[in-house]
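The questions below go through backbone geometry, strand pairing and ring contacts in turn. Each answer ends on the item asked for.

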Amino acid sequence: TIREGVTISRGTTAVGKTVIGNDCLMMALAHVGHDCAIGNNCILGNLTGLAGEVKVDDWAILSGATIVHQFCRIGAHVIIGGGSKVRSDVPPFIKADREPLCYLGLNIVGLTRRNFEKERIDEIHNIYRIIYQNEMNTSQALEYIEAHFKPTPDRDYILEFISKSDRGIIRGPKQIAR
């Protein structure tokens, strides 16, 4: 669904196409920049703007007036609070808000609505505790997770997302205060 005043830029020679998945909602005055790739079941709130070559994975929700820097990636099942400035990649399954944008926990409401089992949610939560609530840097946290958590599609998606991040991931609230 594309509402009033939405603009969608066509692809350029950089990528060649702009892609919007199925069952998305682009609310009034949203903008999708050139060469973006938006997954399925995503919501862009009113006045949300994506610069060029942004990637948004399935089931992500960007609340009203969120602006996203070029080349950023937003993981699946993410919810970003309204009025946010996204300057770094936002890993999957989380809530992000505040200024500067930071990790605020899991998107438990969204995951529950999408029928994630409690054990699955707990496993994802335990992974993010290592990433955001430990004294390890990101590389150390990823090594620890790979060594101590059994392989699952969710674990592997999180590890791959973070390890392939060109812009780096958002920090936790305590990491910003340091």
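Strands, labelled E, are DSSP runs of at least two residues, numbered from the N terminus. The model is predicted.

Q: Which loop holds Pro-100, the residue joined to Glu-99 by a cis peptide bond?
A: The bond between Glu-99 and Pro-100 is cis, with omega about 0 degrees. Pro-100 falls outside the strands, in the loop between strand E14 (94-97) and strand E15 (102-106).

Q: Is Leu-47 buried or exposed?
A: Leu-47 is not a glycine, yet has a positive phi of about 65 degrees. Its loop runs between strand E6 (43-44) and strand E7 (49-50). The relative accessible area of Leu-47 is 52%, and the cut-off for exposed is over 50%, so Leu-47 is exposed.

Q: Is His-77 buried or exposed?
A: His-77 also has a positive phi of about 65 degrees without being a glycine, and lies in the loop between strand E11 (73-74) and strand E12 (79-80). Buried means under 20% relative accessible area. His-77 has 10%, so the residue is buried.

Q: Which strands stand at the edges of the open sheet?
A: The sheet has 5 strands with parallel pairing, in the order E1-E4-E7-E10-E13. An edge strand has a single partner, so one side of it is left without a neighbour in the sheet. The strands at the edges are E1 (7-8) and E13 (85-86).

Q: What is the bridge partner of Val-32 in E7?
A: Strand E4 (residues 31-32) runs parallel to E7 and is joined to it by 2 bridges. In E7, the partner of Val-32 is Leu-50.

Q: How many residues apart in sequence are the parts that the pair of Phe-93 and Tyr-157 ties together?
A: The count of aromatic pairs comes to 6. Phe-93 and Tyr-157 form an edge-to-face pair, 5.9 Å centre to centre with 85 degrees between the planes, and both are buried. Phe-93 lies in the loop between E13 and E14 and Tyr-157 in helix H4 (residues 153-163), so the parts tied together are apart in sequence by 64 residues.

Q: Why does the pair of Tyr-128 and Tyr-132 count as stacked?
A: Both residues lie in helix H2 (residues 118-132), 4 residues apart, about one turn of the helix. Their ring centres are 6.1 Å apart. Planes under 30 degrees apart count as stacked; this pair is stacked because its planes stand at 20 degrees.

Q: Over which ring does the charged end of Arg-120 sit?
A: Ring pairs link Phe-93, Phe-116, Tyr-157 and Phe-161 into a cluster. The charged end of Arg-120 is 3.7 Å from the centre of one of these rings, that of Phe-116.

Methods. Residues are numbered from 1 along each chain as its sequence is written. This is a predicted model: local features need pLDDT of at least 70, side-chain atom pairs count only at pLDDT 80 or more; totals for chains, interfaces and linings use all residues. Side-chain values use heavy atoms; hydrogens and water are left out. Buried means under 20% relative accessible area, exposed over 50%, partly exposed in between (1.4 Å probe, protein chains only). Two strands pair if DSSP finds at least two bridges between them. Rings of Phe, Tyr and Trp (its six-membered ring) pair if their centres lie within 6.5 Å; planes under 30 degrees apart count as stacked, over 60 as edge-to-face and the rest as tilted. A charge sits over a ring if NZ of Lys or CZ of Arg is within 6 Å of the ring centre and within 35 degrees of the ring normal.
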